[in-house]
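Subject: Handing over a structure, with notes on what was found

Dear colleague,

I am passing a structure on to you, and since it will be new to you, I have set out below what was found in it. Please look through the sequence and the structure first, and then read the notes alongside them.

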Amino acid sequence: MRRRTKIILAVPLVLISLLAVGALDYSVDQRRIKAEEKAIYSAQLPLYSSFLKPGMQRIDVEHELRSRSISFRPNYEYGQYPKDEFILLKRIGSPVWYCSYEDITLQLEFNSSFNPAHPEDDPLTGISEYRVLIDCL
């Protein structure tokens, strides 16, 4: 075989190898992020569930969080759940290439139809995991 033919055959093999390594690295990174999320939630969810009980009014939930120096925020950033509040547990690198970060949060779900005129009286209906991608293209 001529030298030129060998080079022409080698270039696609090198490109395929680079793509395979990149895909493997991405897959390993995805698994690492999922394991980190699971560890954070399994450690934090029982802690918050121990003192935040369904049926507590929003004002009592906020007072309890403030008394424990836990910062929370109403849903200004996340958009989908305007009446709920979120507790940021950790910000990690994004599992997808087009976003910079992922916020691992707890979503405090309130029944906003309970008394629309007085949102401070809304009862807590549950605490759930919530992930949101931040700083995306």
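Buried means under 20% relative accessible area, exposed means over 50%, and partly exposed covers what lies in between. Glu37, at 1% relative accessibility, therefore counts as buried. Please keep in mind throughout that this is a predicted model.

I begin with Glu37, since several of the contacts can be followed from there. The side chain of Glu37 meets that of Arg131 in a salt bridge, with 2.6 Å from N to O. This pair links distant parts of the chain, because Glu37 lies in helix 1 and Arg131 in strand 4, 94 residues apart. Whereas Glu37 is buried, its partner Arg131 counts as partly exposed, at 38% relative accessibility.

Arg131 also forms a salt bridge with Glu129, and here the closest N and O atoms are 3.5 Å apart. Glu129 is partly exposed as well, with a relative accessible area of 39%. Salt bridges that share partners join Lys34, Glu37, Glu129 and Arg131 into one network.

A further salt bridge is formed by Glu36 and Arg32, whose closest N and O atoms are 3.4 Å apart. Both of these residues lie in helix 1, which covers residues 3-51, and they are four residues apart, about one turn of the helix. Arg32 counts as partly exposed, at 45% relative accessibility. The count of salt bridges in the model comes to nine, and the ones described here are among them.

Next comes the disulfide, of which the structure holds one. Which cysteines form the disulfide, and how far apart are their sulfur atoms? The two are Cys99 and Cys136, with their sulfur atoms 1.8 Å apart. Cys99 lies in strand 3 (residues 99-110) and Cys136 in strand 4 (residues 124-136), so the pair ties together parts that are 37 residues apart in sequence. The torsion about the S-S bond is about 105°, and the disulfide is therefore right-handed. As for the surroundings of the two cysteines, Cys99 is buried, with a relative accessible area of 8%, whereas Cys136 counts as partly exposed, at 38% relative accessibility.

Finally, I would draw your attention to two residues for their backbone angles. Ser69 has a positive phi of about 55°, although Ser69 is not a glycine. This serine is found in the loop between helix 2 (58-67) and strand 1 (73-74), and Ser69 is exposed, with a relative accessible area of 70%. Asp135 likewise has a positive phi in a residue other than glycine, with a value near 60°. Asp135 lies in strand 4 and counts as exposed, at 52% relative accessibility.

If you go through the model in steps, strand 4 may be a useful place to look, since Asp135 lies there, as does Arg131 with its salt bridge to Glu37 in helix 1, and as does Cys136 of the disulfide.

With best wishes

Terms used
Residues numbered from 1 in each chain as written. Predicted model: local features only at pLDDT ≥ 70, side-chain atom pairs only at ≥ 80, totals over all residues. Heavy atoms only, no water. Disulfide = S-S within 2.5 Å. Helix = DSSP H or I, 4+ residues; strand = E, 2+ residues; numbered from the N terminus. Buried < 20%, exposed > 50% of the residue type's maximum accessible area, 1.4 Å probe, protein only. Salt bridge = Lys/Arg side-chain N within 4 Å of Asp/Glu carboxyl O.
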